[in-house]
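Here are a few short exercises to work through with the structure open beside you. Try each one before you read its solution.

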Amino acid sequence: MKNIGIFSTTRGDMAILSPLISKLKKSKKLKPIFFVGGTHRDKKYGNTLNEIKSLNIKVTNFYTSKNKLISDDPYSLSKLLSRDQFNLANIFRRYKLDAICVVGDRFEKMALVMNAILFKKRIIHLHGGEITLGSYDNEIRNMFSKASNFHFVICNEYKNNLLKMGVNKKSIYNTGSLAVDNIKSLKKINKKMLFKKLRLETNKKTCILNYHPPSLDDKVNFQIQLKNILLALKTFKFQIIVTTPGLDSGRNKMLKIINKMKKKDKNIRYIQSLGFKNFFSLIPFCEFVIGNSSSGIIEVPYFKIPTIDIGRRQQGRLKHLSVINCNYNKLEIKKSLNLAMSKKFKQKIKKMKFYFGKGNASSQITKILERII
């Protein structure tokens with residue numbers, strides 16, 4: 001039996017990792033050992049550890065202290081990274097791991113990859129080969145790809161990107177997105193129950209705003225960016241579900257704007273973390289999803305619901321017909337809102353092909369890992 005160390009640091013990980021963990025638990029050759037760090041235990045991010053508990057996934061150990069996360073300036077984030085580096089070293093020393101699994105591009109996972117290199121553990125990388133030119137996540141993702149031994153990508157375009165980086169063709173597998181496994185298998189919550197749970201009005205048009213500080217897109221102050229988005233939405237009188245920004249430099253300033261705007265507009269409903277079950281159940285009842293999150297590019301198109309992608313943060317990713325890109329200008333955002341709600345556009349995207357797999361990624365990945373680990 002080979003031990004696979006699986007590490008999660010943010011709410012976004014669980015939609016990807018949970019189907020893989022479930023499938024690995026059934027394997028006779030592989031054993032998942034699950035570790036939690038990052039923002040999962042912090043109330044400011046929705047205490048997403050509760051979602052992990054609801055999935056009946058056993059947490060083997062934690063490597064960040066409860067409610068002890070620090071500020072969001074670059075110096076503090078660097079200190080957080082050094083703290084995780086030390087805590088993860090103890091994890092690697094204590095547990096026998098034959099390989100570790102890392103998702104994507106988050107900066108706090110650099111400590112994980114560095115320890116894997118130092119302790120000579122094989123690295124399994126999910127979601128490599130993707131491009132996000134408006135964020136330093138792009139460089140981090142490429143660093144992980146160069147350090148990894150095995151690569152599971154969500155489409156052939158991203159496989160080709162890895163090949164251009166010099167990654168060995170034999171180590172790359174196109175399995176599609178694990179999140180699609182969750183979307184297909186999830187028992188959706190009906191509208192009445194869901195809206196009651198989230199304290200939403202069933203008779204109002206609804207949208208979701210997922211917005212993060214765009215780390216390399218500084219031509220327009222990100223506080224102005226967020227204000228323009230909220231002001232544009234306000235003119236349409238939507239019921240707006242706003243989720244908390246991720247742990248990036250500038251998130252606290254964004255939260256101040258969200259809190260200020262929601263006091264002025266009763267249609268703004270701030271929810272720290274929807275959790276992927278609520279998120280995937282809510283999308284079909286929304287007019288669109290707006291912001292600059294990867295979920296709008298990868299998961300939302302599966303539902304044939306429009307995504308309004310703001311700015312450059314996701315520039316470079318493969319995008320479906322349902323994704324409308326626009327800048328931070330309030331008038332441009334309004335034009336995009338009108339397009340997203342038009343009958344012609346909604347009819348057009350109903351016929352589009354989904355690019356990122358068929359919902360069997362966890363089975364494929366498990367079978368491959370049973371053979372190669």
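**Exercise 1.** Which residues in H4 meet which residues in H5?

*Solution.* Keep in mind as you go that this is a predicted model.

Step 1. Start on the H4 side, where Met110, Val113 and Ile117 make the contact. Their partners in H5 are Ile140, Met143, Phe144 and Ala147.

Step 2. Sort these residues by class: the contact of H4 with H5 has seven nonpolar residues, no polar ones and no charged ones.

Step 3. Now turn to the geometry. Two packed helices are described by the angle between their axes and the distance between the axes. Helix H4 covers residues 110-118 and helix H5 covers residues 137-147; their axes come within 11 Å and cross at roughly 20 degrees. Angles under 35 degrees count as roughly parallel, so H4 is roughly parallel to H5.

Step 4. Finish with the hand: H4 passes H5 in a left-handed crossing.

**Exercise 2.** Find out how many disulfides the model has, taking cysteine 101 and cysteine 286 as worked cases.

*Solution.* A disulfide is a covalent bond between the sulfur atoms of two cysteines.

Step 1. Set the cut-off: the two sulfur atoms must lie within 2.5 Å.

Step 2. Check cysteine 101. Its closest cysteine sulfur belongs to cysteine 155 and is 18 Å away, so the pair is too far apart for a bond.

Step 3. Check cysteine 286. Here the closest cysteine sulfur is that of cysteine 207, at 6.9 Å, which is also too far for a bond.

Step 4. Write down the total: zero disulfides.

**Exercise 3.** Describe the surroundings of cysteine 101.

*Solution.* Step 1. Place the residue: cysteine 101 is in strand S4, residues 99-103.

Step 2. Look at its accessibility. With a relative accessible area of 1%, cysteine 101 is buried. Cysteine 286 counts as buried too, at 5%.

Step 3. List partners beyond four places in sequence: cysteine 101 is in contact with several residues, among them Ile4, Phe7, Leu17, Leu112 and Ile124.

Step 4. Take one of these across the chain: isoleucine 4 is 97 residues away from cysteine 101 in sequence, yet their C-alpha atoms are separated by 7.0 Å.

**Exercise 4.** Is valine 167 buried or exposed?

*Solution.* Step 1. Locate valine 167 in the loop between helix H6 (156-164) and strand S7 (172-174).

Step 2. Apply the cut-off: buried means under 20% relative accessible area. Valine 167 has 11%, so it counts as buried.

Step 3. Leaving aside neighbours within four places in sequence, name its contacts: Ser145, His151, Leu162 and Ile172.

Notes. Residues are numbered from 1 along each chain as its sequence is written. This is a predicted model: local features need pLDDT of at least 70, side-chain atom pairs count only at pLDDT 80 or more; totals for chains, interfaces and linings use all residues. Side-chain values use heavy atoms; hydrogens and water are left out. Buried means under 20% relative accessible area, exposed over 50%, partly exposed in between (1.4 Å probe, protein chains only). Helices (H or I, at least four residues) and strands (E, at least two) are DSSP runs, numbered from the N terminus. Contact means heavy atoms within 4.5 Å. Axes are lines fitted to C-alpha atoms, for helices over the stretch in contact, and angles run from 0 to 180 degrees between N-to-C directions. Angles under 35 degrees count as roughly parallel, over 145 as roughly antiparallel, 65 to 115 as roughly perpendicular and the rest as oblique. A crossing is left-handed if the near helix is turned anticlockwise from the far one by less than a right angle, and right-handed if clockwise. Ala, Val, Leu, Ile, Met, Phe, Trp, Tyr, Cys and Pro count as nonpolar, Asp, Glu, Lys and Arg as charged, and the others, Gly among them, as polar.
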